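Student: I would be grateful for a close look at a single part of this structure, namely the barrel and the pairing of its strands. Please begin with the overall arrangement and then proceed to the individual residues.

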Amino acid sequence: MKHRSFRIVLMAVLLLPISAVAVQTPVLDGEMKKLEFLVGEWKGEGREHWPMDLSDYAFTQKTKIEIKKNSLLRIKDERQYKPVSALLHSSNLDASISYDEESKLYSWKGRDSKVILEAKLIADKTFQFGVPFSVPFEPERGNQRTTIRITDAGEWHETNEIWYAGNWFVVKKSLLKKVK
């Protein structure tokens, strides 16, 4: 009986470090650490209006960004448009952000997308993705870019712009507050 108790205690002591490693929270390192300001759950509202369209749509937005293994950020974004007739626009996004040492750029990749968008930190707590930063020429018609800026008050300001007729036009704007 003593030997059995000793074995149980010994197994528990040996397995303790393994279980402690398994429940550790992943962390960001290197250039990814600069994006920690995005991590959390955010909720708010926004509006969408395209320059060639007369319609204007309101939407609610929930975005969750969490740290995954290997210094990777995972984004889940849900948008529900109002009125109900705008359901065509409702969207769910599942994407990830990583950093490429060779290009010195972040990359934004949708879960089911074959396209990887370039991204970069353009200012303190301001992250932008969508436009090719690695090429020196003007964007093509229809190119889009999204900018996420966290204010000193802790608010998430997001704008989505489209390149059209030689200018950037804001087509979506949202304001979110951190809930977790």
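Tutor: In this predicted model, 10 strands close into a barrel, in the order β1-β2-β3-β4-β5-β6-β7-β8-β9-β10, with antiparallel pairing. From one strand to the next, the twist averages 25°. The protein chain has one helix in addition to the 10 strands, and the elements follow one another from the N terminus as α-β-β-β-β-β-β-β-β-β-β.

The later strands may now be followed in turn. Strand β7, residues 126–129, runs antiparallel to strand β8, residues 144–150, and four bridges join the two. Within this pairing, Thr126 has Arg149 of β8 as its bridge partner. On the next step around the barrel, β8 pairs with β9 over seven bridges, again in the antiparallel sense. Here Ile150 is matched with Trp156 in β9 as its bridge partner. The connection between β8 and β9 is a hairpin with four residues between the strands, and Gly154 in its turn has a positive phi of about 85°.

Strand β9 spans residues 155–164, and seven of its 10 residues are buried, so this strand is largely enclosed by the rest of the structure. β9 also pairs with strand β10, residues 167–178, in the antiparallel sense over 10 bridges. Across this pairing, Thr159 stands opposite Lys173 in β10. The hairpin of β9 and β10 has two residues between the strands, and Ala165 takes a positive phi near 55° there.

The side chains add a further level of detail. In a regular strand, side chains alternate between the two faces of the sheet. As for the aromatic rings, there are nine aromatic pairs, counting rings whose centres lie within 6.5 Å. One of them joins Tyr106 and Phe127: the ring centres are 5.8 Å apart and the planes stand at 75°, so this pair is edge-to-face. Tyr106 belongs to strand β5, residues 105–110, and Phe127 to strand β7, so the contact of their rings ties together parts that are 21 residues apart in sequence. Tyr106 has a relative accessibility of 4% and therefore counts as buried, while Phe127 is buried with a relative accessible area of 0%.

A further aromatic pair is formed by Trp108 and Phe129, which are stacked, with 3.8 Å from centre to centre and 5° between the planes. Trp108 lies in β5 and Phe129 in β7, so this pair likewise ties together parts that are 21 residues apart in sequence. Trp108 and Phe129 are both buried. These four residues join Tyr99 in one aromatic cluster, consisting of Tyr99, Tyr106, Trp108, Phe127 and Phe129.

An aromatic ring also takes part in a contact with a charge. The charged end of Arg145 sits over the ring of Trp168, 4.1 Å from the ring centre.

Finally, some totals place these details within the whole chain. Of the 180 residues in the protein chain, 32% are buried. Among contacts with a separation of 6 or more, 37% are between residues 24 or more positions apart. The protein chain exposes about 12000 Å², of which carbon and sulfur atoms supply 57%.

Technical notes
Residues numbered from 1 in each chain as written. Predicted model: local features only at pLDDT ≥ 70, side-chain atom pairs only at ≥ 80, totals over all residues. Heavy atoms only, no water. Pairing = 2+ DSSP bridges. Axes fitted to C-alpha atoms, helices over the stretch in contact; angles between N-to-C directions. Buried < 20%, exposed > 50% of the residue type's maximum accessible area, 1.4 Å probe, protein only. Contact = heavy atoms within 4.5 Å. Areas by Shrake-Rupley, 256 points an atom, 1.4 Å probe, with all protein chains shown as cover. Phe/Tyr/Trp six-rings, centres within 6.5 Å; stacked < 30°, edge-to-face > 60°. Lys NZ or Arg CZ within 6 Å of the ring centre and 35° of its normal.
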